[in-house]
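Trainee: Please pick one residue in this model and go through its surroundings closely, then work outwards from there.

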Amino acid sequence: KIMSSSEEEKKHLARELHDEFGQALRAFHQGVEILKDHSYGSPEQYGEQCESLLSLVERLEADLRHVRDHLRPVILDDLGLVPALKWHLQQFSEQYPEVETSFVGVAQKLNLPHEIEIAFYRIYQEALSNIGKYASASRVMIDLQLSGKQLLLSIRDNGIGFNEEQIRLKPEGWGLGLLSMRERAAASGGGMFIDSAPGEGTKIKVALPLEPVAESLLVEACA
């Protein structure tokens with residue numbers, strides 16, 4: 001399942017690179033050929049051609065940033081987990097403007113171990129992706145809290161909900177995403193809990209330790 005998930009991600013990335021970059025690069029190549037052959041008319045047409053090429057460059061830069069941030073957002077390294085979570089929620093809001101979003105809870109910068117930050121962010125990323133693709137929700141509420149030696153995340157939506165047993169048995173799609181979220185949490189010494197039912201929305205709770213857990217305990221958690 002891990003290999004299948006990895007290959008599916010590579011397939012998605014390859015398709016995105018082909019669709020987004022390939023089309024823009026072909027158009028850019030054609031535009032440069034036109035300038036090279038001087039096959040343009042008036043100075044106005046020449047200026048329009050240059051503006052078109054500049055627009056393509058800007059589009060390529062935006063697409064590259066999108067792919068880079070999907071793989072690993074720079075903000076996670078530069079500013080930490082909380083700003084990265086807020087930034088990703090903003091990206092979600094721009095992609096799904098019909099969905100109302102809110103973020104409450106911890107505001108300060110958290111000095112967390114690298115593996116904890118990555119696990120937390122990837123679980124959060126997958127949860128929002130699932131909501132956007134499947135939930136048909138009009139509202140998403142994020143709550144992030146510190147409790148003792150744990151960081152607690154709650155992600156609630158008012159979407160269509162689901163029967164977890166039926167979803168979990170699916171070999172791909174949402175079921176595989178939920179499995180990867182659970183395994184990331186377990187591999188970090190934490191846990192993930194789901195409360196959902198058809199027509200009643202979904203609530204996902206994630207609890208991860210603030211410090212790395214001993215390897216012997218991780219083996220037990222993932223068993």
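**A serine in a strand and what lies around it**

Mentor: Ser 154 sits in strand β3, where strands (E, at least two residues) and helices (H or I, at least four residues) are DSSP runs numbered from the N terminus. The model is predicted, so local features need pLDDT of at least 70 and side-chain atom pairs count only at pLDDT 80 or more, while totals for chains, interfaces and linings use all residues. Residues are numbered from 1 along each chain as its sequence is written, and side-chain values use heavy atoms, with hydrogens and water left out.

Ser 154 has a relative accessible area of 13% and is therefore buried (under 20%; exposed is over 50%, partly exposed in between, with a 1.4 Å probe and protein chains only). Leaving aside residues up to four places away in sequence, Ser 154 touches Met 141, Ile 142, Asp 143, Lys 203 and Ile 204; contact means heavy atoms within 4.5 Å.

One of these partners, Met 141, belongs to strand β2. With a relative accessible area of 16%, Met 141 is buried. Beyond four places in sequence, Met 141 touches Ser 102, Ser 154, Ile 155 and Arg 156. The C-alpha atoms of Met 141 and Arg 156 are 5.1 Å apart, although 15 residues separate the two along the chain.

Another partner is Ile 142. With the same sequence exclusion, Ile 142 touches Leu 89, Ser 102, Phe 103, Val 104, Tyr 124, Leu 128, Leu 153, Ser 154 and Ile 155.

Ile 142 leads to the core. The largest nonpolar core has 42 residues, and Phe 120, Tyr 124, Ile 142, Leu 144 and Ile 155 have the most contacts inside it; such a core is a set of buried Ala, Val, Leu, Ile, Met, Phe, Trp, Tyr and Cys residues joined through side-chain atoms within 4.5 Å. At least two residues of this core come from each of α3 (74–78), α4 (81–95), α5 (114–135), β2 (139–147), β3 (150–157), α7 (174–187), β4 (191–196) and β5 (202–209). Helix α5 contributes the most, with 11 residues. A separate core of six residues includes Phe 21, Ala 24, Leu 53 and Leu 60. In soluble globular proteins, nonpolar side chains tend to be buried together.

Helix α5 also packs with α4, at an angle of about 15° and with the axes 11 Å apart; axes are lines fitted to C-alpha atoms, for helices over the stretch in contact, and angles run from 0 to 180 degrees between N-to-C directions. The two helices, α4 and α5, are therefore roughly parallel, a label for angles under 35 degrees (over 145 is roughly antiparallel, 65 to 115 roughly perpendicular, the rest oblique). Leu 81, Ala 84, Leu 85, Trp 87, His 88, Leu 89 and Phe 92 in α4 meet Glu 117, Phe 120, Tyr 121, Tyr 124, Gln 125, Leu 128, Ile 131 and Gly 132 in α5. These residues divide into 11 nonpolar, three polar and one charged (nonpolar: Ala, Val, Leu, Ile, Met, Phe, Trp, Tyr, Cys and Pro; charged: Asp, Glu, Lys and Arg; polar: the others, Gly among them).

Glu 117, in helix α5, is buried, with a relative accessible area of 10%. Apart from residues up to four places away in sequence, Glu 117 touches Leu 76, Gly 80, Leu 81, Leu 110 and Leu 112.

For the chain as a whole, there are eight helices and five strands, and buried residues make up 36% of its 223 residues.
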